[in-house]
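Hi,

Here is the structure I promised to pass on. Have a look at it first, and then read on for my notes.

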Amino acid sequence: MGLEVYLDPCTVNSRKVLAGLDLLGTKYHFNHVDYFTGGHKAPEYLKINPHATVPSATDGGDAITESNAILMYAADRDGGHSAYPTDLAQRAKVNRWLLWEASVWFPSCYVYLVEYVVKPLLKAEPDQAVIDAQAPTWNKGAAILNNQLSKTKWLCGDQVTIADIAVASPMHLHDAQKLPLEQYPHLRRWLTEGIESLNCWRKTQGAVDRALLPNNPARQESQVRSSLNYTRHVEPQLTELYFYESPDAKGIHEPGDDPQEVAINNGWPQAKDFSVDKQGFSLGQFETRFDKWEDENEVRDRFYPEVVDFLKRELGAARVLVFDHTIRSKANETKKLTQETNTSQRAPVMLVHCDYTSHSGPLRVKQLLPDEADDLLSRRVAFINVWKPINNIVEERPLAMCDVRSTEKDDFFKLHLRYRDRNGENYVLRYSPNHKWWYFPHMTPQQVILLKTFDSETDGRARFVGHSAFEDPTTPPNAPMRESVEIRTIVFY
């Protein structure tokens, strides 16, 4: 059995474990324990951790509690790691900081977190007397850290260790906590230039910000403005794309010829309200240990079944067929959209579109399941795209979705797709000032967007959602390129 972790990603010690396990390269299965609704006090959880604290972990029949103990265990479990050295002298240095963090540093930083972050969330005022009483202890600890970091890049030398992750975690909202880092330049350098540049740290920051800083404008813009590539409807001429060289492609009308600047709203403040049946998309939590994205067979054999189980749980489906996937990254941007080979590796699509039409959806069912199609199509069928970041948080070319309730039927028209052996079609959209766009900035690999690209039901629920990647004007110049996987599925009810 693998390592199971139980935590709420927004808490100090849970975030510590997530970032530390990522640094160590440890494979694990995530179990969400909602701290703010008392999940850590549930009877089933108390069987794992009678202290009713998060995080916890299990490995076979063994339970491990306390965040630093989990990281120490994980480092040795897989044969050792440089982030927790096996050399006794080096390990003693790491252990020293781990013990100090748990006994001295965490309690001190936590006072600032409660007073300046948690209390405002609860509509209460910080108690200055409590802060003043804690200040001497915090400053003493900060001075110790500053002195150490004046001599070394990381706490234990030139190599980042789990001690760095542990000591940084109680400071993970240092601006909101109003920690006086300006008095300690080496500590500030280590935190802002060192820790906050680590990929494992960046990937775990979003959950913290969303839970504890929901209304902080410095962390969360309410909307951005960017250009989306709509398509002009030029009937009677068809809009077409050829996926092979053909003389018939000369003079065709291609999609994406009507770029329009639009407002794209931050969906995080109301993330729980979105639904594939109302807006046409939703956001979910999807933890996976799978990481062999470059191997198509591994994706099919190991990740597809996880998607099936996830969609059955989320959507109440009787059956789910996963039939295709695409890995998207900026690294593939030199490829033409119409390239015939290696179609599972693509650049983000910068075109407002929906993958299926009222005709091509049922046709795809008949192509994939010819013997069962008539029976399956006699009941409700929906196509759901599962869009998930991989490897990094998404900082460039995020995905935007157009709220189906802001669209009209006539906003959608057909894009005819010409292949060597067949023709296909999907929808592109003409521009309307009524369209309302949403996105989820800084999504992590633990999250997923569900996009409904076809629904056979015509009772007023969302059937086709327009979507597009876009250039986010807030993307930092050194942001890692977007990497995401898009899994195409058919959901049968």
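Where in helix 9 is the kink centred? The answer is glutamine 205, where helix 9 bends by about 30°. Please keep in mind that this is a predicted model, so everything below describes a prediction.

Let me stay with helix 9 for a moment. It runs over residues 199-212, and at 1.5 Å a residue its 14 residues should span 20 Å; the end C-alpha atoms are 21 Å apart, which agrees. Ten of those 14 residues are buried, so helix 9 is largely enclosed by the rest of the structure. If you want to pick them out on screen, the buried ones are Cys200, Trp201, Lys203, Thr204, Gln205, Gly206, Val208, Asp209, Arg210 and Leu212. Gln205, where the kink is centred, is thus on the buried list too. The cover over these residues includes helix 1 (12-24), helix 4 (88-121), helix 6 (162-168) and strand 17 (447-455).

Helix 1 deserves a look of its own. Twelve of its 13 residues are buried, so helix 1 is also largely enclosed by the rest of the structure. Among the buried residues are Asn13, Arg15 and Lys16, along with Val17, Leu18 and Leu21. They pack against strand 1 (3-7), strand 2 (28-32), helix 3 (67-77), helix 4, helix 6 and helix 9. For length, 13 residues at 1.5 Å each should span 18 Å, and the end C-alpha atoms of helix 1 are 18 Å apart, which agrees. After helix 1 comes glycine 25, with a positive phi near 75°.

Next, the inside of the protein. How many cavities of 30 Å³ or more does the structure hold? There is one, and the space in this largest cavity is about 70 Å³. Its lining is made up of Arg328, Val349, His353, Trp387, Leu399, His467, Ser468, Ala469, Arg482 and Glu486. Strand 18 (residues 467-469) gives the largest share of that lining, with three residues. Sorted by class, the lining has four nonpolar, three polar and three charged residues.

Two loop residues also caught my eye. The first topic is aspartate 403, which sits in the loop between strand 13 (399-402) and strand 14 (412-418). Is aspartate 403 buried or exposed? With a relative accessible area of 4%, aspartate 403 is buried, since the cut-off for buried is under 20%. Its C-alpha atom is separated by 6.6 Å from that of glycine 280, although the two are 123 residues apart along the chain. Leaving out residues up to four places away in sequence, aspartate 403 touches Lys278, Gln279, Phe281, Lys436 and Trp438.

Then there is threonine 161, in the loop between helix 5 (128-149) and helix 6. Threonine 161 counts as buried as well, at 2% relative accessibility. Beyond its neighbours within four places in sequence, threonine 161 is in contact with Leu23, Ser82, Ala83, Val94 and Cys156. Leu23 is one of the buried residues of helix 1, so you can find this spot by starting from that helix.Last, some backbone details. Most residues other than glycine have a negative phi, and most peptide bonds are trans. Which peptide bonds are cis here? One goes from valine 54 to proline 55, with omega near 5°, and another joins glutamate 235 and proline 236, with omega about 15°. Proline 55 lies in the loop between helix 2 (43-48) and strand 3 (56-59), while proline 236 is in the loop between strand 5 (223-230) and strand 6 (239-242).

As for phi, lysine 123 has a positive value of about 65° although it is not a glycine. Lysine 123 is in the loop between helix 4 and helix 5, and at 75% relative accessibility it counts as exposed. Asparagine 391 also has a positive phi, near 75°. Asparagine 391 belongs to the loop between strand 12 (381-389) and strand 13, and at 34% relative accessibility it counts as partly exposed.

Happy browsing, and best wishes!

How values were computed: Residues are numbered from 1 along each chain as its sequence is written. This is a predicted model: local features need pLDDT of at least 70, side-chain atom pairs count only at pLDDT 80 or more; totals for chains, interfaces and linings use all residues. Side-chain values use heavy atoms; hydrogens and water are left out. Helices (H or I, at least four residues) and strands (E, at least two) are DSSP runs, numbered from the N terminus. The expected span of a helix is 1.5 Å times one less than its number of residues. The bend at a residue is the angle between axes fitted to the seven residues ending there and the seven starting there. Buried means under 20% relative accessible area, exposed over 50%, partly exposed in between (1.4 Å probe, protein chains only). Contact means heavy atoms within 4.5 Å. On a 1 Å grid over the protein atoms alone, a cavity is a set of points where a 1.4 Å probe fits but cannot get out, and a pocket is an open set with protein on both sides within 12 Å along at least five of seven lines; lining residues have an atom within 4 Å of a point. Grid points are joined across faces, edges and corners, and a volume is the space filled by probe spheres set on the points. Ala, Val, Leu, Ile, Met, Phe, Trp, Tyr, Cys and Pro count as nonpolar, Asp, Glu, Lys and Arg as charged, and the others, Gly among them, as polar.
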